[in-house]
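Colleague: I have a new model open and I'm not sure how to read it. Could you walk me through it, one feature at a time?

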Amino acid sequence: MGIIGPHVYHYLHHPLLSSAEAMLYYALEHLVYTGAISFDHNRVHLGHGEHHIVERLFLHRAADPAALPAPEAAALSLIPEGRAFSLSDLRHQIKRTYPHDQYKAYKAGIMAEHLKSQGLLSSPHTASSEGSRAYRQVHHLLNQVEHDEDQLLKDPAELQHRLNELGSNVVLLHHSLLAKLHDQPHLDERMKTMLILQTFLDSGGYYHEKMMG
């Protein structure tokens with residue numbers, strides 16, 4: 001097994017109290033990293049005016065959900081096949097799929113069953129020894145990047161190397177560092193897109209909706 005993704009890390013961080021909604025969002029960001037969700041940034045006219053042009057992020061399903069682990073398949077299925085999905089589209093689809101914030105089925109059903117099958121949970125509320133080891137691996141990498149923050153921000157090549165080690169777990173870095181990463185001109189487009197998606201979802205889907213949705 002390779003390094004776990006942020007949706008798995010979040011569950012293992014506190015199997016009892018971890019948020020199912022956050023797991024779903026992390027799964028979507030993980031899919032951007034793996035390429036199962038592709039993206040493009042298009043400049044579009046807002047409303048009927050010719051002069052108000054904004055850049056919007058559009059997401060596309062780029063893999064077959066049937067080929068993915070169940071938690072990722074459920075997240076990818078939020079994006080229809082063959083259609084460019086804006087962030088606003090995604091927010092509305094999440095609300096339709098999980099009305100009234102009913103995310104429990106995602107954690108208690110899809111996530112728990114998958115993690116138990118992978119040997120990462122011994123019960124829905126208890127990480128196994130393998131789960132604890134996988135959690136500590138990511139936790140160590142996160143702590144090292146945060147510890148070396150000042151040095152890494154001055155060295156774009158080393159920063160990108162260390163972020164690549166984290167993979168999709170970049171989204172788990174502390175918020176102040178993530179804000180600085182947003183402004184890094186050399187950060188690759190995939191990670192920039194993950195951060196845009198995270199900002200949008202973490203705000204409840206309303207942050208800069210006119211600009212990004």
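Modeller: Let's begin with how helices get their names: helices are DSSP runs of H or I with at least four residues, numbered from the N terminus. With that naming, Gln198 sits in helix α10. Keep in mind that this is a predicted model.

Colleague: How many helices and strands does the protein have?

Modeller: There are 11 helices and 5 strands. Of the protein's 213 residues, 46% count as buried. And if you take the contacts with a separation of 6 or more, 62% of them are between residues 24 or more positions apart.

Colleague: Back to Gln198, then. Is Gln198 buried or exposed?

Modeller: The cut-off you need is that buried means under 20% relative accessible area. Gln198 has 4%, so it is buried. Setting aside neighbours within four places in sequence, Gln198 is in contact with Tyr26, Glu29, Val171 and Leu178.

Colleague: And how do I read two helices packing together?

Modeller: For two packed helices you give the angle between their axes and the distance between the axes. Try α4, residues 87-97, with α10, residues 189-202: the angle is about 45 degrees and the axes are 11 Å apart. The two helices are therefore oblique to each other. The crossing of α4 past α10 is right-handed.

Colleague: Which residues of α4 and α10 meet?

Modeller: From α4 you have Leu87, Ser88, Leu90, Arg91 and Ile94, and they meet Ile196, Leu197, Phe200 and Leu201 of α10. Here's a handy idea for lists like that: an α-helix has 3.6 residues a turn, so residues three or four places apart point the same way.

Colleague: Can we take another pair? At what angle do α1 and α5 pack?

Modeller: Their angle is about 100 degrees, with the axes 11 Å apart. That makes α1 roughly perpendicular to α5. His7, Val8 and Tyr11 of α1 make the contact with Lys107, Met111, Ala112 and Leu115 of α5.

Colleague: Let's stay with α5. What span should its 14 residues have?

Modeller: Count 1.5 Å a residue: α5 covers residues 104-117, so it should span 20 Å, and its end C-alpha atoms are 19 Å apart, which agrees. Do look along the helix, though, as α5 has a kink of about 30 degrees centred on Met111.

Colleague: Which residues of α5 are buried, and what covers them?

Modeller: The buried ones are Tyr106, Lys107, Gly109, Met111, Ala112, His114 and Leu115. Their cover includes α1 (6-13), α2 (20-34), α3 (70-76) and β4 (121-123).

Colleague: How do I see who sits around one residue of α2?

Modeller: Pick Met23, which is found in helix α2. Met23 has a relative accessible area of 0%, so it is buried. Leave out neighbours within four places in sequence, and Met23 is in contact with His7, His10, Tyr11, Ser18, Tyr106, Lys107 and Met111. You can also compare sequence with space: Met23 and Ala75 are 52 residues apart in sequence, and their C-alpha atoms are 9.7 Å apart.

Colleague: Ser18 was in that list. Where is Ser18?

Modeller: Ser18 lies in the loop between α1 and α2. At 9% relative accessibility, Ser18 counts as buried. Apart from neighbours within four places, Ser18 is in contact with His10, Tyr11, Met23 and Lys107. Ser18 and Lys107 are 89 residues apart along the chain, with 8.8 Å between their C-alpha atoms.

Colleague: Could I try that on α6?

Modeller: Sure, take Val138 in helix α6, residues 129-147. Val138 counts as buried, at 0% relative accessibility. Not counting residues up to four places away, Val138 touches Ile3, Ile4, Tyr9, Leu166, Asn169 and Leu172.

Colleague: Last one: what should I look for in phi?

Modeller: Most residues other than glycine have a negative phi. In the loop between α4 and α5 you'll find His100, and its phi is positive, near 55 degrees. His100 is exposed, with a relative accessible area of 73%. Asp101 is in the loop between α4 and α5, has a positive phi of about 60 degrees and is partly exposed at 46%. Then there's a glycine: Gly119, which follows α5, has a positive phi near 80 degrees.

How values were computed
Residues are numbered from 1 along each chain as its sequence is written. This is a predicted model: local features need pLDDT of at least 70, side-chain atom pairs count only at pLDDT 80 or more; totals for chains, interfaces and linings use all residues. Side-chain values use heavy atoms; hydrogens and water are left out. The expected span of a helix is 1.5 Å times one less than its number of residues. The bend at a residue is the angle between axes fitted to the seven residues ending there and the seven starting there. Buried means under 20% relative accessible area, exposed over 50%, partly exposed in between (1.4 Å probe, protein chains only). Contact means heavy atoms within 4.5 Å. Axes are lines fitted to C-alpha atoms, for helices over the stretch in contact, and angles run from 0 to 180 degrees between N-to-C directions. Angles under 35 degrees count as roughly parallel, over 145 as roughly antiparallel, 65 to 115 as roughly perpendicular and the rest as oblique. A crossing is left-handed if the near helix is turned anticlockwise from the far one by less than a right angle, and right-handed if clockwise.
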